[in-house]
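Let's take a walk through this structure together. Keep the viewer open, and turn to each spot as we reach it.

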Amino acid sequence: MSVSKVQDAAPRERLAGQQRVLGKLLSAVDDSQTPLVLLAGAAGSGRTSVLTALSAQLRSQQVPVIRLRATYLDGQTWWGVLNRVNSELNEPAEVTRLLAHLLSEPPSPTQADWLASALGEVLTARGKCVVLIDDAQYVDPATRAVLEPLARRLLDSQVTLVCTIRDHPRPSTWAGHTVASGLVRSRSAAVLRIAPLTAAETTSLLVEKLEARPARRLVEEISRLGTGAPGPMLEVTELYRNVGALCVADGTAHLASRHALPRVPDDSPLLVGVRYLPKSAQQVLMTLAALHPFDGADVALAAEATGISADYVAKVVAAAVSTGLLSLHRGQFGFRPPVLADALASRLMPYARLRAAQVLLNAAQRSSSIDQVPAFVYDRIAEAGLAAGCSKSASLLLQRGIAVLAYEPDRARRWIGAAATHFRGAQRWRALLALAAAHWLAGNWQDAIETITTLKQETPRPLPPDLLLAAEIIQITSLDSLDDTDALNKIVADPADLPADRSAQRIVTVALALHCLGRCSESSQLLESTWSTWTAGGGSTAGTGGFLQHANDFLLGHRTTSAYLEHCQISTAHGDGKADFHTLRTGSELDLLLAAEDLVGARTLLAASDSLPLTGPHKALLCFLSGDWGDQLDDARDDIATNTASAPILAYDTAHRAFAQIEMLRARPSRARDLLDRARGARPKLSHLLDSTESDLLHMLGDRSGAAESLRRGLESAASTGLVLGTDRLWLRLAELSRADGDMAQAQRCAIQCGRVAEKVGSDVARLNHLIAKFTATDDPADAAEALRLSSRLDQPFARAQTVFRLSQLGAASKNEILEAYEIYGSLGALLPRANLRRLMRERKIPVPGRKETVAEQQFVLATLVTEGMSNREIAYLLHDTEKSVESRLSRLFKQSGHRSRVGLATAILTGAFTADVKP
C-alpha cells in the first residue's frame, strides 16, 4: 500500500515549512531498497514534529508504527535503545535471550549479526511496519553496532527504520558519524536533511504566532538568532513578546528593540544542552557568551574573566564543541543557535557580568583604538553597569554615546544612561542633556521630558545659552509629540523656566511653542517684531530663530520653494558650528521640502549635508517620491513604527499620507482609512494634506459628496491658520469634482485659486497641479502638453503616472504615454489604478501587454479586496464591474487557488503565500 502522497491528515500548520521533507519521508517508507532513513536537522529544526506528522499519516492508512525517543541516559548504557525496541515488540523470545546473554558487553561482529538476524526476522514477519526512533544521536554504542547488519537484513522487506538525529557542526567528532557514513556508503540508508526555513517560511511561521505579518527586519533578526530553526525562532519570538519588544502597526509586526531579551527561564528549551552541566562549566559558557562575538574571545580571556584555570576552560570548550553547543571556525567561537549566546549571557550574576565587561573592554583596547572598539563591547559595559571608580569606562560610554547619538539613538540612550549615573557636576549636566537628546531621537518623549526636568533641578542657574535652548527644544518638541497642548500653551503664556535676562532664548522658545501648536502666523509675527533681540543672541539661538522664521514664511506662502532652499543652503554652508542641534535643524528643513514634494530640493540639501542622519519619515518620503516602493520603503515604515527617530516638525504627517496613498493604490482601502485615522489622532500640523488624501479615498469608494466635503474642510482648516503649502492639491481635486458635476465655472474658479497657490509656493509639483487644473477647467491642449512635459522632468515616477492617468481620462495623453504610465504603476505595485487604466486602454483599443500576467494581477487585486472585507458590490464599484461578474470571478479564484473561504484567502495574502493556477 503506497503512502507517499501527503494527505490533509498531516498537521501542516505544525510542520513550519517542512511539508516537503514529510513527502520525501513517505516516499522513502515506500521504497524497499531504503530500509533505514536518517532524518537530520539542527536543534529545534522540527525533527520531532515531522516524525509526529509521519506517524499520524501512517496510522491514518493503517500502517503499524513503533515509536520511541532515545534519551541522554540511553547513551550511557549498553543495549538501552534495543531493549526498548524489544519491549515494544512484546519481547520475542530469541531476541530477549540474545540480549540477556550479552548483558553489558559490546557485541562482537558475529553476535551483532545474530542479533540483527533475529530482530529482522521478527520485524519482517509483521509485514508492513515502520519503526521510528527520535533523537537517535543518543543511541548507545551497542545498539549502533547492530544498525548496519539490521539494515542489510531489511532490504527488499516492507519494514523501514526512521531515525532522527541532531545535526552537528563538526560531524567527525560525533560518535555516530562513522556508523551513519558507513550505512550511507553501503546504500543501506538514506539521509534527509531538514534545511533552515526560508524567509517566506519564517514569515508564515511568525504570522501564525503573532497574527500579523512580520516586517522584513523582524524576519531577518528572528531567523539569525534561531538559525532558521522553528523551535529557537518561536522561543525568541515569545521572549521578545513577553518584554514588550514587539509592536504591531498597520497589521505588521515590528521589533521595537533588539536589546530587550530577558533572562531566559531555567526550563527553556534553549538551555536543554546546558541545564545538566556542572555549575562551573555553566559559568564558563555564560562568560564566553558575554564575551561573544569579540574576535579575541578565547580560552585565556574566558579564564581571566571567570578566575577559573585555562585548562578547565579548554576542557569545557572542547566538550561544548563536541556536543554541538559551540562551533569553532578559525579560532572564533559561535553558539548554536546564536540566540543561545544571549540566553546564557543574561544569566550571569551582576558582578560576573561586570567583570566580563571589564575584561572585554581591556582586551578590545589592547587590540584597537577607541574609535574601532566594536559597539557590542560598549553594550556589554552598559548592560553590566559601572562599579565605583569606573570613571574611565563612564567617560568612554559618554564619548561614544554622543558620537552615535544621531545615528543610533537607542544604543546611545543605553550608553549615555549608564554613564550619567556615574558623573557629578558639570559632566553630569552634559550627560543628562545628551541622554535627553537620545530619548528624544529614539522616540521616548516622556523620558526626554523627565530627563530635562532632572537637569533643570540639578543644575545651578544660569545655564549657558546654547545648553538652555537645547533643553527647551527637546522639552517643547517632546510635548508636541505627546500632544500636550496645555503644557505648550502654558509655555506661550509664561515661559517661567527661563530667566528674565535671557530674552533672546525666551522669544525663540515661545516662537517654537507657537509653531508646534500650529499657530505659524503668530510665531512669524513674534519673530519679526523682535528680530533685533533674538538675532543678537547668536549661536544656536539665532540659528533656531532663523529656521523658525523661514519655516513659518514657507508654510504661509510668504517664501517660495527656491528661496527657502537658498536659505537652507546658506545655513548649511555656514554651519553655525557651535550650535548643538544644527544637524537636527537641517533635518527639520528637509521636512518642509519633502512636505512640498520638492524631491530635487531635498536631494540638493542632502548633498550639502552628507552627514545628515535620515529619520524613518524622511526615508519614507524620499522613497515615495523617487518611486522606490520596495524593501527600502518597508524599512522606513519599520523605523517609524518602532520610533527609532523622531521628526520634530512635519514629516510624520506627510509620511502617513504617503503610506495611505500607497495602501489605496494597492487595493487596501481599509488600511488606508486606519492610517488616516491614526494620523488625525496625533493632531497633525498639516491636516489639510490628510483631507486631500481622505477625499481621494472617499471618491474611490463612490462617496463623491463626502469627497467634496473633505476638500472644503481642508481648505477651511488651512485658511483658519493661514497655511498655503499643499493647498494646490485641494484646489485641483475640487476642480476635477466640479467638472465631473458639470459645473465648469466652479472648476475654473478652483483652477485660478490653484494658480495663486502655485505662484506663492513656486514648486514644480504645485505648477504641475495648476496646469492639470487649468486643463480640467478649459480643455486647452497647451496646458495638457506642458503638464506632460513637466511631469516627465520631475523624476517622480508616481507623479508622472498620475499626471498621464488624469489627462488620459480627459482624452489628452498619447498611446505611448499611457503605456509608460501602465508600466510605472506595475513597477510600483499600484495594481488598482493599473487595473482601471487597462479598462481605459481597451476603450481606446490600445493592446494590453502580458495576458497571463494581467490575469494574475486581476486575481491578486480581487483577493486583496476580499481580504479587506469588502462586499461584492463594493468590489464591483472599485473595478468598474458588475456584481454578477465579481461573484463569478471569485468562484473561479477560490477553485484555482485552493482556498475554500475568505478567511483562508486573507491568510494567504497576509503571509505572501497567495498563489493561483493562472491560466492564460
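One thing to keep in mind from the start is that this is a predicted model. Beginning with the whole chain, you'll find 47 helices and ten strands. The chain has 920 residues, and 54% of them count as buried. Its accessible surface comes to about 38700 Å², with 52% of that belonging to carbon and sulfur atoms. As for how the fold is wired, take the contacts with a separation of 6 or more: residues 24 or more positions apart account for 66% of them.

Now to a sheet. Three strands line up in the order β6-β8-β7, forming an open sheet with mixed pairing. The strands β6 and β7 stand at the edges with a single partner strand each, so each has one side left without a neighbour in the sheet. On one flank, β6 (residues 213–214) pairs with β8 in the parallel sense over two bridges, and here Arg213 stands opposite Thr252 of β8. On the other flank, β7 (residues 246–249) pairs with β8 in the antiparallel sense, this time over four bridges. There, Leu246 stands opposite Leu255 of β8.

The β7 and β8 strands make a hairpin with two residues between them, and Asp250 in the turn has a positive phi of about 55°. Next, look at the side chains of β8 itself. In a regular strand, side chains alternate between the two faces of the sheet. In β8 (residues 252–255), Thr252 and His254 point one way while Ala253 and Leu255 point the other, and all are buried.

Just ahead of this sheet's β6 comes a backbone detail. Glu211 sits in the loop between α9 (199–210) and β6, and its phi is near 55°, a positive value in a residue other than glycine. With a relative accessible area of 71%, Glu211 is exposed. Lys845 is another such case: its phi is near 60°, again positive in a residue other than glycine. You'll find Lys845 in the loop between α43 (831–843) and α44 (851–867), and at 72% relative accessibility it counts as exposed.

Why stop at these spots? Because most residues other than glycine have a negative phi, and most peptide bonds are trans. That second point leads to two prolines. A cis peptide bond joins His292 to Pro293, with omega about 5°, and Pro293 belongs to the loop between α12 (279–291) and α13 (299–306). The bond from Arg336 to Pro337 is cis too, with omega near -5°. Pro337 is in the loop between β10 (332–335) and α15 (339–345).

On to the aromatic rings. A search of the whole structure turns up six aromatic pairs. One of them is Tyr378 with Trp415, a tilted pair at 5.2 Å centre to centre and 55° between the planes. This pair links distant parts of the chain, with Tyr378 in helix α17 (residues 375–384) and Trp415 in helix α19 (residues 409–420), 37 residues apart. Both Tyr378 and Trp415 are buried.

How are the rings of Phe624 and Trp629 arranged? Their centres are 5.4 Å apart and their planes at 10°, so this pair is stacked. Phe624 counts as buried at 6% relative accessibility, and Trp629 is buried with a relative accessible area of 6%. Bring Phe798 into view as well, and you have one aromatic cluster made up of Phe624, Trp629 and Phe798.

Some rings also carry a charge over the face. Arg637 lies over the face of Phe659, at 4.2 Å from the ring centre, and Arg834 does likewise over Tyr822, at 3.8 Å from the ring centre.

A stop at a loop residue comes next. Thr615 is found in the loop between α30 (599–608) and α31 (616–626), and at 9% relative accessibility it counts as buried. Thr615 and Ile640 are 25 residues apart in sequence, with their C-alpha atoms 8.1 Å apart in space.

Last, the cysteines. How many disulfides does the structure hold? Zero. Cys754 is in no disulfide, and the nearest cysteine sulfur, that of Cys750, is 9.0 Å away. Cys754 is buried, with a relative accessible area of 0%. Cys163 is buried as well, with a relative accessible area of 3%.

Notes. Residues numbered from 1 in each chain as written. Predicted model: local features only at pLDDT ≥ 70, side-chain atom pairs only at ≥ 80, totals over all residues. Heavy atoms only, no water. Phe/Tyr/Trp six-rings, centres within 6.5 Å; stacked < 30°, edge-to-face > 60°. Buried < 20%, exposed > 50% of the residue type's maximum accessible area, 1.4 Å probe, protein only. Lys NZ or Arg CZ within 6 Å of the ring centre and 35° of its normal. Pairing = 2+ DSSP bridges. Contact = heavy atoms within 4.5 Å. Areas by Shrake-Rupley, 256 points an atom, 1.4 Å probe, with all protein chains shown as cover. Disulfide = S-S within 2.5 Å.
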